[in-house]
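Notebook open, coffee poured. Today I am looking up a few helices, ring pairs and one threonine, and jotting down what turns up.

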Amino acid sequence: MTDVALTPEDDAPATGFRARHALLKRLADVVSLPASRINAFERAVTGDLLVEMLRLASPDDRKRVAARLAPLTELPNALARMLLRDEPEIAGLLIDQCASLSDADLVACARDATMDHRFLMASRRGLSEVVSETLLSFGETPVIEAVLRNTTARLGQVAMEGVVSLSRTERSLCHSILRRGELRPSGAYVMFWWCDPDDRRTILQRFAVSREVMQEVSEDVFVMAAQEGWQDPVSRKALQFIERRQRNRAAIQKSPWGGLEQAVEAAANGGLTRELASEIAYLSGVKPITGAKILGDTGGEPVAILCKATGLSRNELAGLWRSMRRPEVSPDGTPDPVWERVQITYEMLAVDRAQTVLRYWNWSLSSALTPALLRAIRDGEEEALDDYSAPERAAMLALAENFGR
């Protein structure tokens, strides 16, 4: 007895304790017994004893126990909590294989453990909206990318709006976001402003939807609104989004240039002044801030969308491009790749679909732009996005760079 007392168990090599290895295995086997052989209380007590042993066990022992318990359909809670917070190599066995883990187990692990644990969890099959949102909330790009690549993970709209917002600064996320079935047109349209050319093309191909059904069901409502003198601002705003006509007839009647084509021609001949840019925006049926965002875009595709939506010809697109002092030919004499891409964008879009994109931009960038929202954009209050409507959130994100945020 004296010899045992003088040799603490923790000071000896773990491999020397054959009894420990045997007992760990036997207790793990007991926990693994079916419900017909062991009741819930017996399983829980055995699990508690196993937890106490594992606290002093070697990593190899803990790994063996984790591998033995991972396939179980019922796992004592204390045992699951301990192993989930163990080294990633050990916790990963449960994270990857254990179907009995609840959302509460996974959320607690995500909050208490390391980024390595969250990265492993991001690839777990069948992640629920709650777990996915928890993983995304840490703002860790590798984890977010892993969740987005996980085709079995489910993402709620709050989570999607969060990653869309994050993609403005973490642009490597854009491609993965666009592959998610949960992404809605509102998110895609606002992402368009910072996506690369390939992703912009994907957005237009997938999300530039027609408004034909809305136009069919609301045809008689236009007559009702006209009889009411367009006094209701709610229905007027919605019908402006739905209607087929894009150009602003009232602006055309007041324009000193006489029409959109003439204004574009004046810009092509004399350069695009601020006055002409505002006039082209008004004649196109959009507000000046929307027009400024479109004409100031370095990629050029929004200009093609503006021209297609308003019925301008290819020649007028070229004239507007020249008025912006944008090159059509590279220094070596070959066609400028940006200009080529702009022309392809113009050709690929139907008028109605181009109008949908343009009107959403105008809706979000101008109609939603209240003085309070302008202050929020200037103050960088993106973290308070939940307090704003969908178009207001789009405006905050799309215009943040324009206000130096």
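Before the first lookup I fix one term: a residue is buried when its relative accessible area is under 20%, exposed when that area is over 50%, and partly exposed in between. I also remind myself that this is a predicted model.

**Entry 1: helix α3**

I started with α3, which covers residues 40-55 and has 16 residues. From first C-alpha to last it reaches 23 Å, close to the 22 Å expected at 1.5 Å a residue. I then asked which residues of α3 are buried. The list reads R43, T46, G47, L50, V51, M53 and L54. Looking down the axis of α3, I found these buried residues within an arc of 165 degrees, so they line one face of the helix. The general rule helps here: an α-helix has 3.6 residues a turn, so residues three or four places apart point the same way.

Next I wanted to know what the buried residues of α3 pack against. The partners are α2 (18-31), α4 (59-69) and α5 (77-84). On the other side of α3, I noted F41, V45 and R55 as exposed. I also checked the start of α3, where a side-chain oxygen of N39 comes to within 3.0 Å of the backbone nitrogen of F41.

**Entry 2: aromatic pairs**

How many aromatic pairs does a search of the whole structure find? It finds 7. I looked at F241 and W363: their ring centres are 5.8 Å apart and their planes meet at 55 degrees, so I log the pair as tilted. This pair links distant parts of the chain, with F241 in helix α17 (residues 233-242) and W363 in helix α25 (residues 351-367), 122 residues apart. W363 is partly exposed, at a relative accessible area of 30%.

I then turned to W321 and W339, whose ring centres lie 5.4 Å apart with planes at 25 degrees, so this pair is stacked. W321 sits in helix α23 (residues 314-323) and W339 in helix α24 (residues 337-348), so the pair ties together parts 18 residues apart in sequence. Are these two tryptophans buried or exposed? Both W321 and W339 are buried.

One more note on rings: Y189, F241, Y360 and W363 are linked into a cluster by ring pairs.

**Entry 3: lysines over rings**

I found K293 over the face of W193, at 5.4 Å from the ring centre. K308 lies over the face of Y346, at 4.8 Å from the ring centre.

**Entry 4: T356**

T356 belongs to helix α25. I read its relative accessibility as 3%, so under the 20% cut-off T356 counts as buried. Where do the polar atoms of the T356 side chain find company? One lies 2.7 Å from the backbone oxygen of V209, and a polar contact of 3.0 Å joins the side chains of T356 and R211. Leaving out residues up to four places away in sequence, T356 touches Y189, V209, S210, R211 and F241. I had already met Y189 and F241 in the ring cluster.

**Entry 5: helix α22**

Last lookup: in α22 (residues 301-310), 10 of its 10 residues are buried. K308, the lysine over Y346, is one of the buried residues of α22, and so are E301 and C307. After α22 comes G311, whose phi is positive, near 80 degrees.

Conventions:
Residues are numbered from 1 along each chain as its sequence is written. This is a predicted model: local features need pLDDT of at least 70, side-chain atom pairs count only at pLDDT 80 or more; totals for chains, interfaces and linings use all residues. Side-chain values use heavy atoms; hydrogens and water are left out. Helices (H or I, at least four residues) and strands (E, at least two) are DSSP runs, numbered from the N terminus. The expected span of a helix is 1.5 Å times one less than its number of residues. Buried means under 20% relative accessible area, exposed over 50%, partly exposed in between (1.4 Å probe, protein chains only). The arc is that of the directions from the helix axis to the C-beta atoms. Contact means heavy atoms within 4.5 Å. A polar contact is a pair of N or O atoms within 3.5 Å; within protein, one must be able to donate a hydrogen and the other to accept it, and residues adjacent in sequence count only if both atoms are side-chain atoms. Rings of Phe, Tyr and Trp (its six-membered ring) pair if their centres lie within 6.5 Å; planes under 30 degrees apart count as stacked, over 60 as edge-to-face and the rest as tilted. A charge sits over a ring if NZ of Lys or CZ of Arg is within 6 Å of the ring centre and within 35 degrees of the ring normal.
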